[in-house]
Amino acid sequence: MVRKDQVSRAATPGHVHGGGMVTAREGGSDMSSAQLYDTIGATYTVTRRTEPRIAARIWAALGDARTVLNVGAGAGSYEPPGRDVTAVEPSAVMRAQRPAGAAPCVAAAAESLPFEDQSFDAAMAFSTVHHWQDPIAGLREMRRVARRVVVFTFDASDTGWRRRFWLTRDYLPEVADLLVGRPSLTEQARAIGARMEPVLIPWDCADGFFEAYWRRPEAYLDDHVRRGVSVWARVGPETEQRTVRSLRDDLASGRWAERNRDLVALDAAELGLRLLVT
Ligand SMILES: C[S@@+](CC[C@H](N)C(=O)[O-])C[C@H]1O[C@@H](n2cnc3c(N)ncnc32)[C@H](O)[C@@H]1O
């Protein structure tokens, strides 16, 4: 168990890239969820950064919380300024990309947060729940250690993200296989008593997450863009290359433009991204 004051004390200059680092259960079973990002995360910050319009939504949802726990924090893109933030991140490769001066970071996993009950005013998680081995356990842990929970995630149901987004609908149906056995968004919300709020993606979204380039399809042909998104590693190189070839052909022939004519006029798209807020 790491007390919050121990985390703050660990945040001394010279520790891992600006954030103090306290190791909790290093080498234990909870650390296995770090493996994917220890493998694919080295270039994360090339394309992944704060999208200010989405950050504003999260920071508003945090309300007047003074102490904030950021779970699955990565390099800390959405950590709110002006509050007392503590980060949790299991991957050493991701922790090493936290900028100088970032909030102190504990090496732990969501499913077993090393904090006492109600240690924080709020706990937040951005684009990470789909990586957790047990999302419901992780969400309940957030609820246990904080009075308010704010989670940015997606609705993977048939009416949500997969069918709405041309990339998964027309080129990468294999994404469905990645979601088998995962709890639905409704189950996740119910586990913590959260309400759901849609988050539209601006056409020029600054954070290069999977859906970010919905109106800039050429971006998916760029290796750097794909390396910042775990989906590509998880579907494997053959599927990735097939998708890139098909998309390139359709962009060249005008087929993509023909199919997605309605998108060009939109400034923001509803692709199933959601905030869960308690
Ligand atoms: C897509 S990145 C998001 C990072 C950061 N929240 C951001 O918005 O840039 C997903 C992060 O979840 C972390 N992660 C994976 N399994 C986890 C777990 N069980 N508990 C907490 N974080 C986990 C990964 O190591 C990775 O840093």
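Trainee: In which loop is the place of serine 127?
Mentor: The model is a predicted one: local features need pLDDT (the predictor's confidence in each residue, from 0 to 100) of at least 70, side-chain atom pairs count only at pLDDT 80 or more, and totals for chains, interfaces and linings use all residues. Residue numbers start from 1 along each chain as its sequence is written. Helices (H or I, at least four residues) and strands (E, at least two) are DSSP runs, numbered from the N terminus. By that numbering, serine 127 sits in the loop between strand 5 and helix 6.

Trainee: Is serine 127 buried or exposed?
Mentor: A residue is buried if 20 or more other C-beta atoms, placed from the backbone, lie within 10 Å of its own, exposed if 12 or fewer, and partly exposed in between. Serine 127 has 22 such atoms, so this residue is buried.

Trainee: What phi does serine 127 have?
Mentor: Most residues other than glycine have a negative phi. Serine 127 is not a glycine, yet its phi is positive, at about 55°.

Trainee: Glutamine 118 also has a positive phi of about 55°. Is glutamine 118 buried or exposed?
Mentor: Glutamine 118 lies in the loop between strand 4 (105–107) and strand 5. It has 11 C-beta neighbours inside 10 Å, so it counts as exposed.

Trainee: Which helix joins strand 5 and strand 6 in a β-α-β unit?
Mentor: Strand 5 (residues 120–126) and strand 6 run parallel, joined by six bridges. Two strands pair if DSSP finds at least two bridges between them. The unit is right-handed (with the strands pointing away from the viewer, the path from the first strand over the helix to the second runs clockwise). Its helix, residues 135–145, is helix 6.

Trainee: Which strand runs antiparallel to strand 6?
Mentor: Strand 6 (residues 146–154) has eight of its nine residues buried. Phenylalanine 154 stands opposite leucine 273. Five bridges make the antiparallel link, to residues 273–277, which form strand 10.

Trainee: Which residues have the most contacts inside the largest nonpolar core?
Mentor: A nonpolar core is a set of buried Ala, Val, Leu, Ile, Met, Phe, Trp, Tyr and Cys residues joined through C-beta atoms within 7 Å. Contact likewise means C-beta atoms, placed from the backbone, within 7 Å. Beyond four places in sequence, valine 150 touches Ile58, Ala61 and Leu275, among others. The core has 65 residues, and those with the most contacts inside it are Ile58, Ala123, Met142 and Val150.

Trainee: Which strands help cover the buried residues of helix 4?
Mentor: In helix 4 (residues 52–61), Ile54, Ile58, Trp59 and Ala61 are buried. They share one side of the helix, because they cover an arc of only 160° around the axis (taken from the directions from the helix axis to the C-beta atoms). On the other side, Pro52, Ala56 and Ala60 are exposed. What covers the buried residues includes strand 5, strand 6 and strand 10.

Trainee: Over which residues does pLDDT stay under 50?
Mentor: The chain has a mean pLDDT of 89, and 86% of its residues reach 70 or more. The stretch under 50 has 60 contacts beyond four places in sequence in the model. That stretch is residues 8–31.

Note on methods. Two residues are in contact if their C-beta atoms, placed from the backbone, lie within 7 Å.
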